[in-house]
Amino acid sequence: MVASSFQITMRSGPTPGKTFPLEREEIHLGRDLANEIAINDPEISRRHARFFLRDENIYVEDLGSTNGTFLNGERISTPQQLRSGDVITFGENIVVVFEKAIYDPDATVVATHEPPTFKARKPEPQYYQPTPEPQAYQPVPEPVVYQQPQPQAQRVVEYPPQEPVPGAVKPKKAGLPTWLIVLIVAIVVILCVIAVTLYFMPASWWCAITFDMLEGCPLP
């Protein structure tokens, strides 16, 4: 007696390489967890398509999904029989491949390999390890505390006043330079001369300088 088994393998989608066997007479595929094949993808409808068995063949049917079901690149609107190697696309991202296998369940498989034999392991030799003697107690040295030396008071040394050395040249005190003194004296002299000249200048000169604007000008 020959039997057939059917399955689909995801080529692209959330779990590439995962295989879903089609062992029931009717299997639903969609985003809802209540489906036998639940695929979490936004392009998959909650109840997208179904696979069903008829006359020892598997058919795929679209259940009015939003993004459609495609068989070998063509959108389907009625149930379509699947053949081994067919490519089924749900929406745009989910791609599966249909596979069909034929086998004889009554066939006897002849074992060609010998049953494994187990050998008893030899106990590993145990060596005597002497117990280490307890070490004598050694006191832990106390930590050395560093003390910062205190600053010492600075000693002020007073020296006796030095007596002037006879014959030594005393430093000159800073004063005005000679040329500046001469300049000041010259300016003072010039101002005095001008003041005396203006004092003894006749009245007619004053009228001439002020263009007869003073009181009493012009003179008769």
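Trainee: In what order do the five strands of the open sheet run?

Mentor: Happy to start there, keeping in mind that this is a predicted model. The five strands make an open sheet with mixed pairing. S4 and S9 (80–81) each pair on one side only, which puts them at the edges. Reading across from one edge, the order is S4-S3-S5-S6-S9.

Trainee: Which residue in S9 stands opposite Val60?

Mentor: Let's look at how S6 meets S9: the two strands pair in the antiparallel sense, over two bridges. Opposite Val60, in S9, stands Gln80.

Trainee: Which residues touch the most other members of the largest nonpolar core?

Mentor: That core has 22 residues. Strands giving two or more residues to the core include S1 (3–12), S5 (49–54) and S11 (94–103). The residues touching the most other members are Leu22, Phe51 and Phe90.

Trainee: Leaving aside neighbours within four places in sequence, what is Phe51 in contact with?

Mentor: Good residue to pick, as Phe51 is among those that touch the most other core members. With those sequence neighbours left aside, the contacts of Phe51 are Ile8, Leu22, Glu25, Glu26, Ile27, Leu29, Ile58, Tyr59, Val60, Leu82, Ile88 and Phe90.

Trainee: Is Ala34 buried or exposed?

Mentor: Find Ala34 in the loop between S3 and S4 (37–38). Its relative accessibility is 68%, and the cut-off is over 50%, so Ala34 counts as exposed.

Trainee: How far apart in space are Ala34 and Arg46, C-alpha to C-alpha?

Mentor: Along the sequence, Ala34 and Arg46 are twelve residues apart. In space, their C-alpha to C-alpha distance is 9.2 Å.

Methods: Residues are numbered from 1 along each chain as its sequence is written. This is a predicted model: local features need pLDDT of at least 70, side-chain atom pairs count only at pLDDT 80 or more; totals for chains, interfaces and linings use all residues. Side-chain values use heavy atoms; hydrogens and water are left out. A nonpolar core is a set of buried Ala, Val, Leu, Ile, Met, Phe, Trp, Tyr and Cys residues joined through side-chain atoms within 4.5 Å. Buried means under 20% relative accessible area, exposed over 50%, partly exposed in between (1.4 Å probe, protein chains only). Helices (H or I, at least four residues) and strands (E, at least two) are DSSP runs, numbered from the N terminus. Contact means heavy atoms within 4.5 Å. Two strands pair if DSSP finds at least two bridges between them.
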